[in-house]
Amino acid sequence: MSKEIQYKELLKILPDDDILQQCIHCGMCLATCPTYEITKLERSSPRGRIKMIKSVARGEMEMSRIFADEMNFCLDCQACETACPAGVQYGRMIETARVVIDQTEYVSKFSVEIKKFVLRKIVASRNGLKIVSRFLWIYQKTGLQKLIRATGILKIFSKNLSEIETLSPLIADKFSDTQINEIELPTGEVKYKTAFHFGCLMNTMFADINIDTIDVLKECGCKIITPKDQVCCGSLMGHNGDMEFALKLARKNIDAFEKHDYDFLISNSAGCGAFMKDYAHLLEDDPDYAEKAKRFSSKVKDVMEFFAEQKPELTFQSVISKESSTRLPDRQAEKSSSNDIQQISLPINRDRNDNHKKNQNVTYHDACHLIHAQKISTQPREVIKSLPGVEYTELEEASWCCGSAGIYNVVRYDDAVKQLERKMNNIKNTKAKIVLTGNPGCMGQIKHGTQKFNVDVEVLHPVTLIKRMLKK
Amino acid sequence: MDQYTAEKLKSMVGAKNYFDSKEDKLVYSYDGTPIYQQLPEAVLFPQDEEQISQILKLANLEKFNVVPRGSGTGLSGGSIPVDNSVVVVMTRWNKIIEIDEDNLTAWVQPGVITRALQKEVEKLGLFYPPDPGSLNVCTIGGNVANNAGGLRGLKYGVTKNYVLGVEMILPNGDLLKTGGKNMKDVAGYNLRDFIVGSEGTIGIVTKILLKLIPKPTKSITLLIYFDKLTDAGKTVSDIIASHIVPSMMEFLDNTTINCVEDYTNIGLPRNSEAILLIEVDGRGGEVQEDAELIRKIAVKNNASALKGAANEEEAFVLKTARRSAFSALARKMPTTILEDATVPRSELPVMIEKVSKAAKMFDVIIGNFGHAGDGNLHPTCLTDERDSKAIERAHLAFDFIFNEAIKLGGTISGEHGTGLAKKEFLEKVAGPVGVDMMKKIKKAIDENNILNPGKIFTISPKCEGILPAKREQIKDFHV
Ligand SMILES: Cc1cc2nc3c(=O)[nH]c(=O)nc-3n(C[C@H](O)[C@H](O)[C@H](O)COP(=O)(O)OP(=O)(O)OC[C@H]3O[C@@H](n4cnc5c(N)ncnc54)[C@H](O)[C@@H]3O)c2cc1C
Ligand code: SF4
Ligand code: SF4
């Protein structure tokens with residue numbers, strides 16, 4: 001195909017003119033863009049990228065290496081969408097632009113194929129991810145990395161392979177779906193009928209968090225249905241240009257959950273929650289699924305959102321540990337100091353919390369897929385502040401992307417680290433001992449940051465903190 | 001611009017601070033102003049005063065034009081490139097050089113973001129009041145060049161009230177230093193005040209000395225709903241006439257309320273014809289008294305509801321919502337042409353009505369909002385630049401609005417500057433003698449007319465008829 005015809009073909013899939021036209025180049029989004037902050041160049045800003053996409057889409061400018069590079073430099077964190085008063089759908093533009101550049105000579109065919117393979121065959125397939133995770137687990141435990149490094153397979157992703165290795169969190173030795181029953185019942189009466197999506201990363205890399213989530217939900221009086229035939233939510237594929245495959249997964253999930261009776265579909269992974277809430281929109285033109293998707297999406301709740309809205313009752317140990325004032329106790333210590341117990345609902349009002357000794361200094365990092373994609377920011381804070389004994393310090397620039405951004409920290413490690421460094425400095429300044437965040441990607445990235453920048457802080461999902469505080 | 005000049009510029013600022021790819025030219029072809037755009041020949045990020053001076057000297061020699069630029073949020077086209085020009089971007093000059101707590105002053109570089117400076121001084125209990133809607137993004141340099149106003153202009157004034165001194169490189173490459181920490185200074189012409197608002201046409205500002213004030217300790221923020229537009233206007237005039245000076249008195253009409261509510265979801269009254277966002281501040285009991293008096297005036301003028309912000313956070317949310325007004329209006333239509341008509345405050349109710357009338361007469365959608373306390377309105381035409389008929393009607397509506405404003409003793413631009421977008425109206429306001437004097441001053445300072453030429457005024461035949469809808473229609477900007 002001649003270059004020109006090829007471009008024309010590509011241009012067809014860029015967003016339609018009305019979407020492109022929406023940006024009035026006012027610049028209100030510049031201040032929130034992590035990549036603009038680094039270069040101070042207009043081309044690394046949302047406004048600049050939109051202008052370039054617009055020009056390419058209208059055939060006024062040819063695609064180029066600079067164009068491709070700026071599109072890939074973007075974190076797709078969507079902070080600009082939150083900041084944009086005009087309602088510009090930046091996410092759609094950048095994601096389509098990336099599909100287009102993946103087909104040009106500016107991105108190597110090989111890496112595109114690998115990306116597709118990894119996302120379709122490994123992440124999307126539970127067994128695939130399990131095999132890889134199991135492999136990573138062995139890899140971490142045995143020092144197999146030397147062998148891998150010699151083969152150079154992973155070099156296509158990035159030159160800093162040795163750094164990236166530490167990005168993969170310590171894999172749980174058991175996956176959560178094997179430990180969670182299809183139907184879990186609370187000890188007392190059933191107050192809420194819920195369903196649970198266990199997420200692919202959460203299931204394999206962070207299985208403990210899933211178990212914690214189930215435990216806490218049970219304490220709240222939830223009946224939890226976890227359909228065994230559910231699949232990956234499709235978010236990573238959707239955001240990386242493979243929407244067709246993502247929608248296949250969406251339909252499978254809708255079918256899997258449709259069979260059950262529940263009021264809330266709980267997700268503890270910001271990325272999955274955001275994407276599942278979007279099914280309604282993504283499938284609105286599918287006559288068979290439009291209605292079902294709407295029903296499905298309307299029930300999806302992030303776990304913190306669920307707590308903040310339903311205010312379930314929980315029984316906490318009100319004094320966590322009498323000995324240690326900074327570190328969380330281990331389970332042994334918890335048991336020995338459980339005589340002071342209090343029943344409260346989440347989120348409780350401050351007065352009651354104020355009666356407790358403040359011995360847990362925590363802060364909170366907003367996952368992009370919670371704050372920007374789902375507009376959830378006050379709810380987790382409300383819940384966290386209400387936990388007995390918690391001394392909450394707000395994190396400066398809490399909503400600034402940590403650099404994890406899907407697979408960005410793997411494919412653009414150096415750029416991701418610049419954002420991570422900024423995040424770790426802010427975390428350090430809070431003097432908090434625990435940083436909470438509601439997304440597996442952010443957890444992995446920030447954990448990596450604690451090692452790389454030597455910051456003494458524990459990285460937890462909020463549900464894990466709640467679980468630790470529950471009466472045993 | 002020829003290859004030789006390009007190479008010279010590149011060696012002056014260094015290859016990594018010189019950009020001339022088509023992508024870079026493209027993304028510096030616009031600022032916040034609708035419709036106008038033009039490609040520069042190159043984009044430069046000079047590192048120090050000496051480099052700026054060299055660039056300007058070379059421009060005189062090689063006859064190319066230089067356009068200074070901050071964050072590019074301007075709404076009158078001040079930093080849009082002109083023919084055969086290079087853009088000089090100042091955003092990397094972003095150091096706060098000194099905060100002098102004894103003299104209540106701050107030395108800053110021009111690329112400091114307005115909000116960043118405010119945050120720093122507020123940590124010390126000090127206050128830098130000018131707060132344009134774009135404060136999170138715009139630069140102090142851009143504020144000085146445009147004499148930017150803001151929400152707090154009513155009580156605290158605009159940028160010019162806070163500029164004590166300026167250092168700038170003149171078009172011939174000389175460094176001018178004027179003003180200083182003295183609160184009073186009458187030696188010679190007041191160059192400093194002339195520089196503020198000069199829109200980057202007489203020099204490139206490199207350092208600014210700003211006045212700070214103690215931070216007010218108390219404030220009350222009120223949101224008042226009206227079922228009738230004119231009642232809101234009347235309330236504003238009555239408050240001014242009763243000698244209360246709120247720190248802020250902002251007006252939003254129904255179209256604006258709905259767009260802002262679509263963006264923020266904070267529960268603004270979608271059915272009200274207008275709302276006023278009013279803040280009173282100070283240090284003692286007078287704050288409460290003023291708020292009470294305002295309440296009475298609002299009730300007398302048929303306000304349908306009155307709410308107070310419960311805490312600082314809530315007040316902040318309301319102000320942020322107001323700041324988003326201009327951009328939020330773009331939700332309705334893809335092109336928003338915003339104007340800046342300002343009238344004496346007693347005439348505000350009349351002006352608000354004239355704007356509604358213009359919308360009906362010329363069949364255009366106009367969202368109206370603005371700094372009501374200053375008599376400064378931003379009627380914003382919601383249109384589509386791809387539809388030339390609609391653009392023409394917008395132009396006629398604005399012609400009507402400007403003429404009415406001038407009849408009421410008003411002006412064409414309260415705060416956004418004249419730039420490209422409003423220069424054809426300048427003579428109506430400043431008069432032929434005034435414009436002539438401005439041109440002579442410009443000629444004396446910028447002999448070869450290389451610095452941001454064609455902005456504010458022009459000597460070549462002015463653009464008659466409709467606003468240009470395409471780049472090709474835009475005339476050369478040579479004076
Ligand atoms: C949503 C929105 C709301 C706004 N609200 C307000 C408001 O409430 N009040 C108000 O007054 N304005 C407002 N503005 C307009 C604009 O933000 C201001 O005019 C601001 O001062 C421009 O700053 P900037 O850094 O973006 O400068 P730019 O737009 O880059 O430049 C503005 C002018 O300054 C010149 N310039 C910039 N830096 C220098 C320098 N170092 N030396 C010499 N000349 C220089 C440029 O040549 C140009 O003429 C708003 C704009 C937007 C998009
Ligand atoms: S994306 Fe939104 S905020 Fe950014 S320049 Fe465009 S309209 Fe303005
Ligand atoms: S998605 Fe994030 S990185 Fe990309 S342009 Fe928007 S704010 Fe910048």
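Here is a chat about the contact between chain A and chain B and about salt bridges in this predicted model.

Reader: Hi! How many residues does each chain bring to the contact?

Author: Hello! Chain A puts in 33 residues and chain B puts in 40 residues. Bear in mind that the model is predicted.

Reader: And how much area do chain A and chain B bury between them?

Author: About 2,900 Å², with 58% of it on carbon and sulfur atoms.

Reader: How many salt bridges and polar contacts go across?

Author: The rule finds two salt bridges across the interface of chain A and chain B. One of them pairs the side chains of Glu42(A) and Arg69(B), at 3.7 Å from N to O. For polar contacts, the count between the two chains is 13 residue pairs, both residues being at pLDDT 80 or more.

Reader: Nice. Which helices of chain A supply residues to the side that touches chain B?

Author: Helix 2 (17-21), helix 3 (34-39), helix 4 (46-57), helix 5 (65-73) and helix 6 (79-83) of chain A each supply at least two residues. Helix 4 of chain A gives the most, with five residues.

Reader: What's the mix by class on that side of chain A?

Author: There are 15 nonpolar, ten polar and eight charged residues on the side of chain A that touches chain B.

Reader: Back to Glu42(A): which residue of chain A does Glu42(A) meet in a salt bridge?

Author: That would be Arg47(A), with 2.6 Å from N to O.

Reader: Are those two buried or exposed?

Author: Buried: Arg47(A) has a relative accessible area of 2%, and Glu42(A) is also at 2%.

Reader: Switching topic, how many salt bridges are there over all chains?

Author: A search of the whole structure finds 47. Among them, Asp215(A) and Lys467(A) meet at 2.7 Å, N to O. Asp215(A) is in helix 13 (residues 207-219) of chain A and Lys467(A) is in helix 26 (residues 462-469) of chain A, so this pair ties together parts that are 252 residues apart in sequence. Asp215(A) is partly exposed at 25% relative accessible area, whereas Lys467(A) is buried at 10%.

Reader: Cool! What does Glu98(B) pair with in chain B?

Author: Glu98(B) meets Lys181(B) in a salt bridge of 2.7 Å, N to O. Glu98(B) lies in strand 5 (residues 96-100) of chain B and Lys181(B) in the loop between strand 9 (175-179) and helix 7 (191-195) of chain B, so parts 83 residues apart in sequence are tied together. Glu98(B) is partly exposed at 30% relative accessibility, and Lys181(B) is partly exposed at 30% as well.

Reader: Last one: which residues do salt bridges with shared partners join into one network?

Author: Glu37(A), Lys40(A), Glu397(A) and Arg422(A).

Key. Residues numbered from 1 in each chain as written. Chains lettered and ligands numbered in written order. Predicted model: local features only at pLDDT ≥ 70, side-chain atom pairs only at ≥ 80, totals over all residues. Heavy atoms only, no water. Contact = heavy atoms within 4.5 Å. Buried area = accessible area lost by both parts, 1.4 Å probe. Salt bridge = Lys/Arg side-chain N within 4 Å of Asp/Glu carboxyl O. Polar contact = N/O pair within 3.5 Å; in protein donor to acceptor, adjacent residues only side chain to side chain. Helix = DSSP H or I, 4+ residues; strand = E, 2+ residues; numbered from the N terminus. Nonpolar A, V, L, I, M, F, W, Y, C, P; charged D, E, K, R; others polar. Buried < 20%, exposed > 50% of the residue type's maximum accessible area, 1.4 Å probe, protein only.
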